[in-house]
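Work through the exercises below with the model open. Each task is followed by a solution in steps.

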Amino acid sequence: MRRFIRFWNKRNHYFHVGFVILAVLFLCVIVSYFWLPYDPTAMNPSITGQGPSLSHIFGTDEYGRDVFSRVLAGMQDSFTIAFGVIALGGLIGAVVGSLSGYLGGLLDEVIMRLNDSLISIPSILLALVMISLVGAGKYNVIVALGIAFIPSFARLVRGEVIKVKDAEYVRSAKLMGAGKLRIIFIHIFPNIFPTWMAGVAVGFNNAVLAESGLSFLGIGVSPPDASLGRMLAEAQGVMFSSPWCVIAPGIFLILLILGFSFVSENYSEKGV
Amino acid sequence: MLLSVKDLCVEFRDKVAVDHVNFQVEENEIVGIIGESGSGKSVSALSVMGLLNDDARVSGSALFDGKDLSELKVNERQMYKGKEISMVFQEPMTSLNPLMQIGRQVEEVLLLHPEVFSDLTEEQRKTKVIETLQIVGLDHPEQIVSMYPHELSGGMRQRVMIAIALIGHPRLMIADEPTTALDVQLQDQILKLLKKLNREMHMAVLFISHNMSIVRNFCDRIYVMQNGKVVETGTPEEIFKNPKEDYTKVLIASIPDGREREDKDEALEEPVLEIKDFSAFYPKKKKHFFEKGGRVCIVDHVNLTIHTGECVGLVGRSGCGKSTLSKGILGLLKDTEGEVIHHSKHPQMIFQDPYSSLNPKKKIGWILKQPLELRTDLTQDEKNKLVIETVQQVGLMPEVLDRYPRELSGGMRQRISIAIALVQGSKFIIADEPVSALDVTVQKQILELFLKVQRETGIAFLFISHDRDVVKQMCHRIVYMANGKLSDEEEGKEILDKEAPV
Amino acid sequence: MKQIARRLIALVLTLLLISFLIFVIFQIIPGDGAVSRLGTNATPEQIAALRKELHLDDPFFKRYFTWLFGMFRGDFGSSYKYDMSVAELIGGKLKVTFFLAMESFFLIVLISLPVGIFLGRTAKKPIGAALHVTTQVCMAVPSFFTGILIILIFGLGLKLFIPYYFVKPENSFFGFLGCMIPGAFAIAIPKIAMVSRFLRTNVLEESRKDYVRTAYSKGAGEKHVFYRHILKNAILPVVTILGMTIAEIMAGSIVVEQVFGLPGMGQLLISSINHRDFPVVSVIILYMAFVVIVMNTIVDILYQCIDPRITMED
C-alpha cells in the first residue's frame, strides 16, 4: 500500500484522472459479471425504443432491451478482448524485439524488414486480413489483433534494447561471464520495463479502438456477444429516432479509451 | 568599473543557488570564477546575462557601466545582450541552431541590433561576418558561412560561438566553461584566442571554470565559489601562494602536480596481459545497397605487455583508438586480428561515466553480488560477508548496499565500480578516463583510492586518460597512442605536443 | 542522391514482400479457388476445367509471377461473388476513397500546424492547458463515433449538410468533393489532435535546448527566437508523423465510409470479406498497402531534402 501511495504521488493529474476512470469502469465490469439490472439479451416488445427513465436509465433499444445492461455487458467484451490482445501482442512482441535487438546480425535484419513492412499497414487492416481468413468472433478478433500488434511492440522493445545493450553495465555483466539470455532478461529487461508498460497502456487504448472499429464494421465480435462497437453499429439505424442507443455506448467507449490514454499520457507522444 | 554585481541571490523553488554574491570586472580585465559543480558559478553568469528561466527568483543588482541591468525593461536589456555583453557556452555541440547556416547565425547579431548596425548594407554585413570568422582563427571563412553546424568539429564550433559573441564588439564576454568539452590541445588554442581578443579588442572576459590550473595562468583576478557563496578572492599569485580558506587549499591541493610516481621499479616480471600484433576494425559505412562492406582500421598492430602489480598509462587524444583498444582487450569487439592473451581470470573495466556503468534498476548489493552468483564454493553468508568487506575496502559504509545507483554521487559510483572488480578477484583492470567526469576534489580522492587498492592487492592497471599529469602521478610507465598506433615515450610526446588540427 | 536511391530500392523490396505475403495469404491459404467459386455441388470435371482456366495447377512461383505481372497489365483477376473483373468492380470506388483520404490529409495539415503552434506558445497558460485536454479527448473518440456525432449535430441538428447524400464525380466534381467533407472531418479530427500535440511537445522540447539560449544571448526577443529558431526545428519531425498518419487515414476511411454511406473501397472491402471474395480483398489490401508505403517513402525523401543534417552526411 505504501508503495502504491509513492507511485501515485509521483504521477501527474492526468494519470490520477485516468486511473479513477478506469477503476470505476473496471468495477462496473466486475459487478456486471454477477449482477445486471436486466438480461442484456432479453427482448421485450412492449417497451421498444423508450427514452431514458428511472427504470431504464439509458432507455431501451428497438427490440426493447435495456441499453444500460447491454453497455455493461459490452464493456466486458471490450475489456476481455483488449486484455487478450495485449497479452498476445505485448508478450510476443517483447520477446521478438529483445532477441532481434540484442542478437543483431542477419536475424535482426530479416525480422526488422518484415516488421517494417507490416508496420506500414494499419493494424486494423492487418486484422481485417486475418479475420477474412478465419472469420469473425470474439476469440478470432483477439488472435487477429494480437498478431497485428506484435510489430509495434517488437519495434518498441528492440529500440530500447539497442539503446541499453551497449550500456557500460551490460558490458561489465558480459565481462563477468553472464550468458545472453541472462543478460537480456535479468540485466536489460528491468530497464526497459517502464517503456514496455507505457507501450502496454497505449496498446490498450489502441486495442479498444481497433476492436470497436472492427465490431462496428460487423466483422468483430458476433452475436450474442455485444461489444460497445457492435452496439454502435446496430444502433446506427435508429440513431435519429432513439439517439440514446448511440450516445450511451459511445460515451462509455470514449471513457474507456480516455482512461487508458490519460494513464499513458507523457508516453503516447513518444510515438509508442 | 565595467561590471559590478552586488548582493546577487538566485533561488530555484526552495533551493538557494546563489547567496549574496558580489564580484566586479574592470575594463579589459580577465576575471575568473572558479568552483565545483553546484557552486552557483554558472547561475551567477546566466543571471548577469538575463538568461535564467522564469522559475528563478533573482534579487540584487548588476551594474554595467553604471546602469543597473536588473532594473531595465525586457527590450532595453535585449539591447545589451550580444552588443555590450556577450556569452560563450560550454557545449559547442548543442549551442548552435542545427538547421541554420553558420553565416546567418553570426550575422543574426548584427540584424538584432539595428540601433548600431542599421547603416550596414547586406554586403558589408557579409564581409564583417567573414572578417570575424577569420579573427577567431577559422580557415576558409567564405566556405564556412554556408555550412551547417554538424559539418564542423567541436573546436570549430566553439570558434563560431566566439565569433557570435565577438561580432557585436562587446565590452564584456562571459565565457562559461568554454573549453571543458574540448580536447586538451584544443583547450590551449581557445584560451590563447580569448587572451588575444582580450588584448587586441579591449574586451573584458569573465571566465567561469572548474579547472584551477587553467584559471591560474589565464586570469588577472579570481573569485572562488562554494555552495553559492564567494569564499575567497584575489590575484592568482595571492590565492595560490597564500590561500586563506580551507576550501581553496583543498582545490589547490587537488591539482595533479605532474610529479611522477615514486615506487617505480616494484613491478614484477610475471605478465597478466600480452597483446601481440593486435588490430581492430570497424565496418565502413556502405555507400549503396550492393556495395561490399569495407572496414576501417581503428587499432593498428599494437604490441603491449602488462605485468602483475604494474600500472600502465595509455595517453592519447579523443579518437586515437584508445577506447577501441580497451574494448578489444576485453573481447568486446567482433572484427579483430592478432592475439590478446590474458593470464588472469575476470579482467574488469571501469568506465568514464559513472552514471551509466551501474544498472539503474538494481540495488548496489545485487550488483556487487552478481559476479559471485556463478561461484559455488561460497555459502550465501560468505558471499554477503565478502561483499560487505569489499565495500568497506573502497571506503563506503555497508548501508549503500541497500541503495540504488541514482542515490549515489559520481565519486561513490566509481568506488562501487572498483569494488565490483575487487569482489570478483580481478588481477587486471582497465580504467577508461575514470575520473574525468568528477569534480576536482573528488578526483583526487578516487585517484588515491586507486593507488591504495593497487598497493594492497597488486592488481595491474591499464589507465587510459587524455590528461598526462594524472597519468604520470598514477602509473609506472606510459605509452602513447595516435592514429591507432602505440609509440614509445619520446615519439609519443611529440605527437601529442603537436598542434591539433582545427 | 545515394540515400534516395537506397530508399527506392527498399521501397521496391518492401512492395514485393507485401505482394508475396498477400499472394500467399489469399491465393494459397484459403484453399481451392475453383471449389469456392463453383460451390460444393460441382462435379469433379467442372472443377478440373475451372482449375485449368484459372491456372491453379501451375507451380507456386509461376502462379505468383503470373498474378503479379497480370496486375502490371491491369489484370487484377475476377471476383468470385460477382461475375465481373476486379478492375471493373473497384473502378469508380477508387476515386471516392482516394479523394476522401486526400481531403482529410489536407485538413490535418491545414489545421494541426496552427493549432500545434498555438498549443506550444500557450503551454503555460490556462487556455493552452484546456485545449491540450480537449485534444486528448478528441484522440479518444473513435472516428466512426465522431462521424455519428457529426451526422447527429451538424447534419440533423444544425442542418449544415444532408446526411447520406452522395454526388457522383461524373455529375459534379465539386459537389462530389463537398459531400465528402463531413466524412473527411470525421477521419481528420483525431489525427489533427495527435499531430498538434506532437508539435506542441516538440516546441516545448526545443525551447529547452542550448541553441535557444544562444539566440537569447544575442539579444533576440521571445517572438524572434520562436519563429526564427524553435519553429523550424520543431516542425521538421512533424513531417514524419504526417507520413505515418497516411496509413491511419486509410484505415479510418474504411470505417468512415460505412458511417456516411460513401460508396468507396472500404465498403467493397467489408462486403467482400463477408462473402470471402478473396481476389477482391487481396487487390484492395494490396492497393492500400501500396499507397501507404509509397507515401511513406515520399515523405522520407522529402524529410531528407529539408533536413541538412541528413543530406549532407554520406
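A residue is buried if 20 or more other C-beta atoms lie within 10 Å of its own, exposed if 12 or fewer, and partly exposed in between. The coordinates come from a predicted model.

**Exercise 1. Classify the residues of α10(C) by burial and state what covers them.**

Solution.
- Step 1. Apply the cut-off along the helix: 6 of the 8 residues of α10(C) are buried, and the helix is mostly covered.
- Step 2. List them: Y211(C), V212(C), T214(C), A215(C), Y216(C) and S217(C).
- Step 3. Look at the surroundings. The cover of these buried residues includes α1 (41-49) and β6 (85-88) from chain B, and α9 (181-207) and α11 from chain C.
- Step 4. Check the backbone just past the helix, where G219(C) has a positive phi of about 100 degrees.

**Exercise 2. Describe the side of chain C that touches chain B.**

Solution.
- Step 1. Count the contact residues: chain C gives 21 and chain B gives 29.
- Step 2. Assign the chain C residues to helices. At least two residues each come from α1 (2-28), α10 (210-217), α11 (222-260) and α14 (308-312) of chain C.
- Step 3. Find the largest share on this side, which is the 6 residues of α10(C).
- Step 4. Sort the chain C side by type: 7 nonpolar, 6 polar and 8 charged residues.

**Exercise 3. Repeat the analysis for the side of chain A that touches chain C.**

Solution.
- Step 1. Count again: 30 residues of chain A meet 36 residues of chain C.
- Step 2. On the chain A side, α5 (123-134), α8 (180-216) and α10 (244-263) of chain A each provide at least two residues.
- Step 3. Sort by type: the chain A side has 21 nonpolar, 8 polar and 1 charged residues.

**Exercise 4. Where does the largest nonpolar core lie with respect to the domains of chain B?**

Solution.
- Step 1. Take the domain assignment of chain B, which gives domain 1 (3-253) and domain 2 (271-498). Their centres, taken over C-alpha atoms, are 36 Å apart.
- Step 2. Count the direct contacts: 9 residues of domain 1 of chain B meet 7 residues of domain 2 of chain B. On the domain 1 side, α8 (184-200) and α11 (246-253) of chain B each supply at least two residues. That side divides into 4 nonpolar, 3 polar and 2 charged residues.
- Step 3. Examine the largest nonpolar core, which has 286 residues; A127(A), L145(A), A207(A), I174(B), L206(B), F207(B) and F463(B) touch the most other members.
- Step 4. Both domains of chain B give residues to this core, so the core lies between them.
- Step 5. Follow one member, A127(A). Beyond four places in sequence, A127(A) is in contact with A144(A), L145(A), A148(A), A210(A) and L214(A).

**Exercise 5. Characterise the pairing of β1(B) and β2(B).**

Solution.
- Step 1. Strand β1 (residues 3-12) and strand β2 (residues 15-25) of chain B pair in the antiparallel sense, with 7 bridges.
- Step 2. Pick one bridge: S4(B) is partnered by Q24(B) in β2(B).
- Step 3. Inspect the turn. The hairpin has 2 residues between the strands, and R13(B) takes a positive phi near 45 degrees.

**Exercise 6. Locate L56(C) and give its exposure class.**

Solution.
- Step 1. L56(C) sits in the loop between α3 (44-53) and α4 (60-72) of chain C.
- Step 2. L56(C) counts as partly exposed because it has 16 C-beta neighbours inside 10 Å.
- Step 3. For a distance check, the C-alpha atoms of L56(C) and V141(C) are separated by 45 Å, with the two positions 85 residues apart along the chain.

Terms used
Residues are numbered from 1 along each chain as its sequence is written. Chains are lettered from A and ligands numbered from 1 in the order in which they are written. This is a predicted model: local features need pLDDT of at least 70, side-chain atom pairs count only at pLDDT 80 or more; totals for chains, interfaces and linings use all residues. Domain bounds come from an automatic or database domain assignment. Two residues are in contact if their C-beta atoms, placed from the backbone, lie within 7 Å. Helices (H or I, at least four residues) and strands (E, at least two) are DSSP runs, numbered from the N terminus. Ala, Val, Leu, Ile, Met, Phe, Trp, Tyr, Cys and Pro count as nonpolar, Asp, Glu, Lys and Arg as charged, and the others, Gly among them, as polar. A nonpolar core is a set of buried Ala, Val, Leu, Ile, Met, Phe, Trp, Tyr and Cys residues joined through C-beta atoms within 7 Å. Two strands pair if DSSP finds at least two bridges between them.
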